[in-house]
Amino acid sequence: MVRLIFIIVALLLLIGAAIGGLYFFGVDPLAKLGLTAPIVHKEEPPPPPPPPSYVDFGVLIIPVIQDHEVKKQAEMIVRLEVEPKNKEIVAKSLPRLQNAYLEDMIGFLSLSLRDDQQLDVPAIRHRLQVVGEKTLGPGYLKDVIIENAALK
């Protein structure tokens, strides 16, 4: 019985070595017998997304009104990230956006800023995004970028 197991193992090793040798020399013995696995075609990766498109809003200057007088002034450069197909629509709507942004920011900064407090840029960015979506409709603005925010 032990001899039979050794003979079977030796036979399997010999067959494996023969197949490996044929592969090494460029012959596919399994393909000649019709025992090949189906060729799997790799799916092409999706095309990269288009580069972001921006509409330059310009400088947004907001007076901070407290106790019925202008105490400070907030300045920031605003850029709007939009889909390339919506760029012209957003650019034509800039006067409406300027009015909405200025109206909202005057109320927000007048209530939220206190003495020796800096601008909360993430909160302002979020508010501008929400106001922009209310003004233009959902889906037009992807993001609002605020640069060089300063309180004077």
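Charge first: in this predicted model, the protein carries 16 positive and 18 negative charges, and the mean positions of the two sets sit 7 Å apart. As for what the solvent gets to touch, the accessible surface adds up to about 11,100 Å². Carbon and sulfur atoms account for 62% of that area. Turning to the interior, 26% of the 152 residues count as buried.

On to the fold itself. The protein has 5 helices and 3 strands, and reading from the N terminus the elements go α-α-β-β-α-α-α-β. The radius of gyration comes out at 34 Å, whereas the globule rule gives 15 Å for 152 residues, so the protein is more spread out than a compact globule. The principal axes put numbers on the overall dimensions: the C-alpha trace spans about 105 × 35 × 25 Å along them. Contacts add a view along the sequence. Taking contacts between residues at least 6 apart in sequence, 65% link residues that are at least 24 apart.

Zooming in on the N-terminal end, helix α1 covers residues 2-24, which makes 23 residues. From its first C-alpha to its last, α1 reaches 33 Å, close to the 33 Å expected at 1.5 Å a residue. Just past the end of α1 comes glycine 26, with a positive phi of about 90 degrees.

Terms used:
Residues are numbered from 1 along each chain as its sequence is written. This is a predicted model: local features need pLDDT of at least 70, side-chain atom pairs count only at pLDDT 80 or more; totals for chains, interfaces and linings use all residues. Side-chain values use heavy atoms; hydrogens and water are left out. Helices (H or I, at least four residues) and strands (E, at least two) are DSSP runs, numbered from the N terminus. The expected span of a helix is 1.5 Å times one less than its number of residues. The radius of gyration is taken over C-alpha atoms; the globule rule is 2.2 Å times the number of residues to the power 0.38. Buried means under 20% relative accessible area, exposed over 50%, partly exposed in between (1.4 Å probe, protein chains only). Contact means heavy atoms within 4.5 Å. Accessible areas come from the Shrake-Rupley method with a 1.4 Å probe; for residues, only the protein chains shown count as cover. Lys and Arg count as positive and Asp and Glu as negative; His and the chain ends are not counted. The place of a charge is taken as NZ of Lys, CZ of Arg, CG of Asp or CD of Glu.
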